[in-house]
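Dear colleague,

I am handing over the structure we spoke about, and you will find the sequence and the model just below. After it I have written out what was found, in an order that I hope is easy to follow with the model open beside you.

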Amino acid sequence: MAASVMARAGLGVTVAERMPTVGRKLLMAGKSGLNLTKDEDDARVLAAYPDCPAPLARALADFGPQQAMDWARGLGQEVFTGSTGRVFPKAMKASPLLRAWLAELRGLGTTFNTRWRWTGRDGAVHLFDTPDGEQRLHPEVTVLALGGASWGRLGSDGAWSAQIADTAPFAASNAGLRLDWSDKMAPHFGSPLKAVAFTAGEIRSRGEAVLTPEGIEGGGVYALSPAIRAGAAVTLDLCPDVPLSALAAKLSRRRRGDSLANHLRRAVGLDSLRRALLMEWGRPLPDDLGPLLKALPVPVRGLAPIDRAISTAGGLRFDALDDRLMLRESPGTFAAGEMLDWDAPTGGYLLTACLATGRMAGLAAVDYAAACRSSIARR
């Protein structure tokens, strides 16, 4: 996005890409449908970013969901909004959008250098490890978009943080839950967990999840990451649509001779997976099952490893940047995307913020280059 803004402004742009091809993480994000953004008003969008830093808020105010949709349409990719407000290209995949985007950039004269890894700075010179050895570039302006620290095989391993001061430690976000299962749960691995709600701290999340040998993955648990990182306990509501009082009434009407499994299935509609979780985490069962069904303790050992997380918190602190995302210690160098220290849930918020900060950094780089040229001309 930064390259697009800069190229349209007439700058000669070189994109240094660590991987052999461009946009691998975007393609991975689109494997099950590229969730570009969330069709919400400004207030709800900003509420999705905890303690939203002022520069990020300004970037999103200038480039929010409507602008993201218009941008995709401008690349020939029509979009649609799903029932939850999530916005996708009609093609669903990322590849048509990426092809159109790269074609536009190449048409504007952008150069792509692949297998170039940024390794730091020597004063105003930027250093790159390349197939042809070290390369040293001294551009008028630079935008760093080095990524977070998840899915290193796609290019973002966070190694750059050793080269830049004022970086907060990376932590997994939008990550699965790590759990120790008994052998009895093995038949349920791969099964979808539906009609439940997870709670951690002040975060309550509904959505599907899937049991795996390592724990639980899926949208229903990803939103809990900030609270779990802060040490909050996790509970599972097995009957989120039934108030406790109504649940107690249903449970009290047990038929004579009915097994507990049949009673739970008939009275409150618990399927086999939810009954298995109750037995896994709730035994010895109390006489009054209602409160346990509404808040079943989940013995979480932690979040899935950072490299398997969808995104990461931490990164370059906003205190190290000015209000237009320029590094205070390196005039003419700007930063954007997931390398910045912000966090957000899945649902389109991640991509929207990356696009918005890329655009902000690109515009600021254009203005900085123009100011430098004007200053030289006055001399």
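**What was found**

Over residues 1-362, the chain is 30% helix and 22% strand, and the C-alpha atoms at the two ends of this stretch are 7 Å apart. Please keep in mind while reading that this is a predicted model. The stretch 1-362 is the one for which UniProt, in an unreviewed entry, lists "domain: RsdA/BaiN/AoA(So)-like Rossmann fold-like".

The domain assignment, by contrast, divides the protein chain into domain 1, made up of 1-172 + 306-378, and domain 2, which covers 177-303. The centres of domain 1 and domain 2, taken over C-alpha atoms, are separated by 38 Å, and the contact takes seven residues from domain 1 and seven residues from domain 2.

Turning to the strands, there is an open sheet of three strands in the order S2-S4-S3, and its pairing is antiparallel. Strand S2 (37-38) and strand S3 (79-81) stand at the edges with a single partner strand each, so one side of each is left without a neighbour in the sheet. As general background, strands of a sheet pair through backbone hydrogen bonds, in either a parallel or an antiparallel manner. Here, S2 and strand S4 (residues 86-89) pair in the antiparallel sense over two bridges, and Thr 37 stands opposite Val 87 in S4.

There is also a pocket to look at. The second largest pocket holds about 230 Å³ of space, and 16 residues line this pocket, of which Ala 124, His 138, Pro 139, Glu 140 and Pro 331 lie nearest its centre. What is the character of the residues in the lining of the second largest pocket: nonpolar, polar or charged? The lining divides into six nonpolar, seven polar and three charged residues.

Finally, two points of backbone geometry can be checked in the model. Arg 283 and Pro 284 are joined by a cis peptide bond, with omega at about 0°, and Pro 284 is found in the loop between helix H11 (272-282) and helix H12 (290-294). Ala 195, which lies in the loop between strand S12 (192-193) and strand S13 (197-200), has a phi near 55°, which is a positive value in a residue other than glycine.

With best regards

Conventions:
Residues numbered from 1 in each chain as written. Predicted model: local features only at pLDDT ≥ 70, side-chain atom pairs only at ≥ 80, totals over all residues. Heavy atoms only, no water. UniProt positions renumbered as here; feature names shortened; annotations may be inferred. Helix = DSSP H or I, 4+ residues; strand = E, 2+ residues; numbered from the N terminus. Pairing = 2+ DSSP bridges. 1 Å grid on protein atoms, 1.4 Å probe; cavity = no way out; pocket = protein on both sides within 12 Å on 5 of 7 lines; lining within 4 Å. Points joined across faces, edges and corners; volume = space filled by probe spheres on them. Nonpolar A, V, L, I, M, F, W, Y, C, P; charged D, E, K, R; others polar. Domains from an automatic or database assignment. Contact = heavy atoms within 4.5 Å.
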